[in-house]
Amino acid sequence: MVLGLELNKDRDVERIHGSGVNTLDIEPVEARYMLSGGSDGVIVLYDLENSSRQPYYTCKAVCSVGRNHPDVHKYSVETVQWYPHDTGMFTSSSFDKTLKVWDTNTLQTADIFNFEETVYSHHMSPVATKHCLVAVGTRGPKVQLCDLKSGSCSHILQGHRQEILAVSWSPRCEYILATASADSRVKLWDVRRASGCLFTLDQHNGKKSQAVESANTAHNGKVNGLCFTSDGLHLLTVGTDNRMRLWNSSNGENTLVNYGKVCNDSRKALKFTVSDGCSSEFVFVPYGSTIAVYTIYSGEQITMLKGHYKSVDCCVFQSHFQELYSGSRDCNILAWVPSLYEPVPDNDEPTTKSQLNPAFEDAWSSSDEEG
C-alpha cells in the first residue's frame, strides 16, 4: 500500500439524503463546511468539524434545503459549489434548468438564472478576483457565462457541437476555462478573447497519420469529466471510451500517460478529484461502487476504495486534513482518511506497537507541517 486511505471507522456523515448523492463541495476558506446535492433536489450543509472532541463522531447536518422548502430544485441537483471567497454564499444547478445563488445564513435564493435546457454542470473560478463569472454547461452546445454581479448571462462560447457535460476554470489563471462535451471534444478558452477558443485538445497530438474523423477529439466517446491538477499546469479528462487522459494545459499536448481501463458508463458528468498538498499527486475517480486511486504522473493504479454498495457519483478532497469524501447512489456520504499506521506482521520477534509505514511519509504530509 503506497496510499493508506481507508474508510474512517470513527467518523460518520449524518444520513439525510433519501436518494442518490450527486455532488459534494467543501468550502475552501476553512475547509469546515461541506455541501451535498441529491437526485431528489435536496441540498444539505454539513459541519465536518469534530466539536465533541470524542474519537468517534458524526459530521452533523447544520441545515438543508428540503423537499418542502419554497426554493427547492424541482429535479436532480447536479452541481453544488461554495462561493470561493467566503461561506456566506453558495450555488447549485439542476436538471430543472436553473442555477440558483443562495444566501447561506437565510437559506434563501439571492438570484436564479433560468436556462432553456437541462443544466449538467457549472463552476465558479477558485481564483478570480476581477470577474464573477459562472460557467454553465447545458444540454445545448453553447457554454453560457453568467455574471453574478449583473445577474445576467453576459457571454456565450460557441464551438462545441453537442451538449456540454463538464466545465472547469483553471486554478492558475482566472480567465482560462476548460469545457467537455458529448461531441468527444475538450476546448480551452480565454474568456477575454473575442473568439474565445484557445485550442481543442487532440488525443493524437496533431499526427496526420491518424484517422481523419478522430482528428481534434480528446476521447473516442463522450467527454464527461474534467479536473485540473492543483497547480493548474495539467488537465485530466475522462470519457465514455473508458479512458482517462492527462494534458498539458498550456499547449494542449496529450502527455500519453496510460491509466489503463477507467470504466465510465455515466450518462452525465462524472465528478472526480485530485489530491492537493501531498508530495505525490493522486487522482480519485468514481469506478462503479468503488473509487479508483491513481498516481497522476505515472498512471499507476494504487488502490480501489471499497465501502459504497451502489455507484459512486462524486468525490471531493479536503486538503487541510488530507481526507476524501464520496457520495453515492446508496444515499451515503463516506469519509476516507489516510491511515498512517500499519500493523506489524505477527511473528516470534517481540515488536513494539504498529510502526509508521515509510511509504506514507512521502505520500502524505502531516497536518502539523502545513500552514
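Helices (H or I, at least four residues) and strands (E, at least two) are DSSP runs, numbered from the N terminus. The model is predicted, so local features need pLDDT of at least 70 and side-chain atom pairs count only at pLDDT 80 or more, while totals for chains, interfaces and linings use all residues. Residues are numbered from 1 along each chain as its sequence is written, and side-chain values use heavy atoms, with hydrogens and water left out.

**Exercise 1. Place T118 and list its contacts.**

Step 1. T118 sits in the loop between strand 10 (108–114) and strand 11 (119–124).

Step 2. Buried means under 20% relative accessible area, exposed over 50%, and partly exposed in between (1.4 Å probe, protein chains only). T118 has a relative accessible area of 8%, so T118 is buried.

Step 3. Contact means heavy atoms within 4.5 Å. With neighbours within four places in sequence set aside, T118 is in contact with F95, K97, G137, T138 and R139.

**Exercise 2. Classify the ring pair F90 and W102, and locate both residues.**

Step 1. Rings of Phe, Tyr and Trp (its six-membered ring) pair if their centres lie within 6.5 Å; planes under 30 degrees apart count as stacked, over 60 as edge-to-face and the rest as tilted. The structure holds five aromatic pairs.

Step 2. The ring centres of F90 and W102 are 5.9 Å apart and the planes are at 10°, so this pair is stacked.

Step 3. F90 belongs to strand 8 (residues 89–94) and W102 to strand 9 (residues 98–103), so the pair ties together parts twelve residues apart in sequence.

Step 4. Both F90 and W102 are buried. Ring pairs also link W82, F90 and W102 into a cluster.

**Exercise 3. Repeat the classification for F284 and F317.**

Step 1. The ring centres of F284 and F317 are 5.6 Å apart with planes at 15°, so the pair is stacked.

Step 2. F284 is in strand 23 (residues 282–287) and F317 in strand 26 (residues 312–318); the pair links distant parts of the chain, 33 residues apart.

Step 3. F284 is buried at a relative accessible area of 0%, and F317 is buried at 10%.

**Exercise 4. State the number of disulfides and the exposure of C197 and C331.**

Step 1. A disulfide is a pair of cysteine sulfur atoms within 2.5 Å. The structure holds zero disulfides.

Step 2. C197 has a relative accessible area of 22%, so C197 is partly exposed. C331, at 11% relative accessibility, counts as buried.
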